[in-house]
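The following exercises concern strand pairing and aromatic contacts. Each task is followed by a worked solution.

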Amino acid sequence: VIKNKTNFVGETQICTNNQYVYKLPQWPTTDFVYTLDNPNDLWVDLLHNDERNEIIITTHSDFGHVVLNATYTNTLLKCGGKASLDIDILPPNEIVGLQNVCLGATETYTLTTPDVAIWTLTHSSGSTTTSTGTSFSPVFNTLGNYTLTVTMVSGTGYCAVKPIGIKAYALPVSPNPSL
């Protein structure tokens, strides 16, 4: 049964600089034509997939609102319909700070937005340090690999913050101790 209205399967909030797949039902002998209402002329690409009922949206540096549309026609039964989906493209929110640090150093990490977050620094041994605020300044007292994650407390309208890896190194030993 080919419905005259159907819904896309896919995200309604997406991030810049990513790809997302949107799907409609997979009806045999059905042609799909996809368009994008893009009133603010955002840098967004529609890419065809090898599955006719799927379309890929590639976002770039712009953010805002677009509408994905599809018109579909069954070539055998000569019936079809339409689908549309409102999509918000969100700006990034990223952790800013050094990813290579010296043992014993205190480094400060912030977000690209001034929002309050819960910061969790986890060492590869499993030990964690947690703090809440607009920035985070841990002391790296143990050598090795860390992961810094953020859970947002305030602020909306941004993409989820991706964790970063941090490595604490020992200071190099000088070959000449008098230097």
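Helices (H or I, at least four residues) and strands (E, at least two) are DSSP runs, numbered from the N terminus, and two strands pair if DSSP finds at least two bridges between them. The model is predicted: local features need pLDDT of at least 70, side-chain atom pairs count only at pLDDT 80 or more, and totals for chains, interfaces and linings use all residues. Residues are numbered from 1 along each chain as its sequence is written, and side-chain values use heavy atoms, with hydrogens and water left out.

**Exercise 1.** Determine how strands β4 and β5 are joined.

Solution. Step one: β4 (residues 44-48) and β5 (residues 54-59) run antiparallel and are joined by five bridges. Step two: within this pairing, D45 stands opposite T58 of β5. Step three: the two strands form a hairpin, with five residues between them.

**Exercise 2.** Establish the strand order of the open sheet of five strands and describe its pairings.

Solution. Step one: the order is β9-β15-β14-β11-β12, and the pairing is mixed. Step two: β9 (100-102) and β12 (128-133) are the edge strands, each pairing on one side only. Step three: from one strand to the next, the twist averages 25 degrees, where axes are lines fitted to C-alpha atoms (for helices over the stretch in contact) and angles run from 0 to 180 degrees between N-to-C directions.

Step four: β9 pairs with β15 (residues 164-169) in the parallel sense over three bridges, and C102 stands opposite Y169 in β15. Step five: β11 (residues 117-123) and β12 pair in the antiparallel sense over six bridges; T120 has T130 in β12 as its bridge partner. Step six: the hairpin of β11 and β12 has four residues between the strands, and G126 there takes a positive phi near 105 degrees.

**Exercise 3.** Classify the aromatic pairs that involve Y72, with W27 and with F32.

Solution. Step one: rings of Phe, Tyr and Trp (its six-membered ring) pair if their centres lie within 6.5 Å; planes under 30 degrees apart count as stacked, over 60 as edge-to-face and the rest as tilted. By this rule there are seven aromatic pairs. Step two: W27 and Y72 are 5.0 Å apart centre to centre, with 40 degrees between the planes, a tilted pair. W27 lies in the loop between β2 (19-23) and β3 (30-37), and Y72 in β6 (residues 64-74), 45 residues apart. Both W27 and Y72 are buried (under 20% relative accessible area; exposed is over 50%, partly exposed in between; 1.4 Å probe, protein chains only).

Step three: the ring centres of F32 and Y72 are 6.1 Å apart and their planes meet at 40 degrees, so this pair is tilted. F32 lies in β3 and Y72 in β6, so the pair ties together parts that are 40 residues apart in sequence. Step four: ring pairs link F8, W27, F32, Y34 and Y72 into a cluster.
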